[in-house]
Amino acid sequence: MKNKYDQFLNQVTPPVSTTNIFRRFLRYFIPCAMVLIAFFALYIKKESDDLTTSLIEREKENVKHIQMVLVRYLEILASDLLILANSDQIIRMENGENPKHLRSLEQRFLTFLRDRQIYDQIRFINADGKEVVRADLHD
């Protein structure tokens, strides 16, 4: 009886070897794994690109902001320079270096330094490159 039963099982289900099972497994597993890896790689690439784009945009905005701040600061500097250049004391200095004019110019510079509170010192340098007047906010 056992013999007939074994014969019946052999007819219904062919003998299965581990090599055959392993080959079948690999036949389905490798393509599936490759597809999953490809999707994962595409996802990582997209996330990386999105992050890079976001970072570039944020840095562009930072550069624009810094540019605006610097331009405004340079406008203030130019305005202050024009104020000092057009002051009566500077105009008097063009006529010659008089000790009275030097003290007057130094006082003008000190007053300007105290009013603005953004500069540490102001210097007047003559055409020969020599420092003629110097005013320091903090002595």
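# Briefing on a predicted helix-and-strand chain

Met34 counts as exposed, because its relative accessibility is 55%, where the exposed class begins over 50%. Met34 is part of helix 2, which covers residues 18-85. The model is predicted. The chain has 139 residues, of which 15% count as buried. Its elements comprise 4 helices and 2 strands, arranged along the sequence as α-α-α-α-β-β.

**Overall surface and contacts**

- The chain exposes an accessible surface of about 12,000 Å², and carbon and sulfur atoms hold 61% of that area.
- Among contacts in the chain with a separation of 6 or more, 39% are between residues 24 or more positions apart.

**Helix 2 and its nonpolar patch**

- Helix 2 contains 68 residues, and the distance from its first C-alpha to its last is 97 Å, close to the 100 Å expected at 1.5 Å a residue.
- A nonpolar patch on the surface is formed by Phe22, Phe25, Phe29, Ile30 and Met34, whose accessible area together is about 540 Å².
- Met34 thus appears both as a member of this patch and as a residue of helix 2.
- Buried positions in helix 2 are Ala33, Asp80 and Leu84.
- The cover over the buried residues of helix 2 includes helix 3, helix 4 and strand 1.

**Helix 4**

- The 18 residues of helix 4 should span 26 Å at 1.5 Å a residue, and the end C-alpha atoms are 26 Å apart, so the expected and modelled spans agree.
- The buried residues in helix 4 are His101, Leu105, Phe109, Leu110, Phe112 and Leu113.
- These buried residues pack against helix 2, helix 3, strand 1 and strand 2.
- His101, located in helix 4, counts as buried because its relative accessibility is 19%, and the buried class lies under 20%.
- Apart from neighbours within four places in sequence, His101 is in contact with Arg92, Met93 and Gly96.

**The largest nonpolar core**

- The largest nonpolar core has 15 residues, and those touching the most other members are Leu105, Phe109, Leu113, Ile122, Phe124 and Val133.
- At least two residues of this core come from each of helix 3 (88-93), helix 4 (99-116), strand 1 (121-125) and strand 2 (131-136).
- Helix 4 makes the most substantial contribution to this core, supplying 5 residues.
- Leu105, Phe109 and Leu113 are listed among the buried residues of helix 4, and they also belong to the group that touches the most other core members.
- Val133, another residue of that group, is in contact with Leu102, Leu105, Glu106, Phe109, Ile122, Arg123 and Phe124, when neighbours within four places in sequence are left aside.

**The loop after helix 4**

- Gln117 occupies the loop between helix 4 and strand 1.
- Just after helix 4, Gln117 adopts a positive phi of about 60°, a positive value in a residue other than glycine.
- Gln117 counts as exposed, because its relative accessibility is 52%, and the exposed class lies over 50%.

Technical notes: Residues numbered from 1 in each chain as written. Predicted model: local features only at pLDDT ≥ 70, side-chain atom pairs only at ≥ 80, totals over all residues. Heavy atoms only, no water. Core = buried A, V, L, I, M, F, W, Y, C linked by side-chain atoms within 4.5 Å. Buried < 20%, exposed > 50% of the residue type's maximum accessible area, 1.4 Å probe, protein only. Contact = heavy atoms within 4.5 Å. Patch = residues over 30% accessible without salt bridge, like charges linked within 9 Å, V, L, I, M, F, W, Y side chains within 5 Å. Areas by Shrake-Rupley, 256 points an atom, 1.4 Å probe, with all protein chains shown as cover. Salt bridge = Lys/Arg side-chain N within 4 Å of Asp/Glu carboxyl O. Expected span 1.5 Å × (residues − 1).
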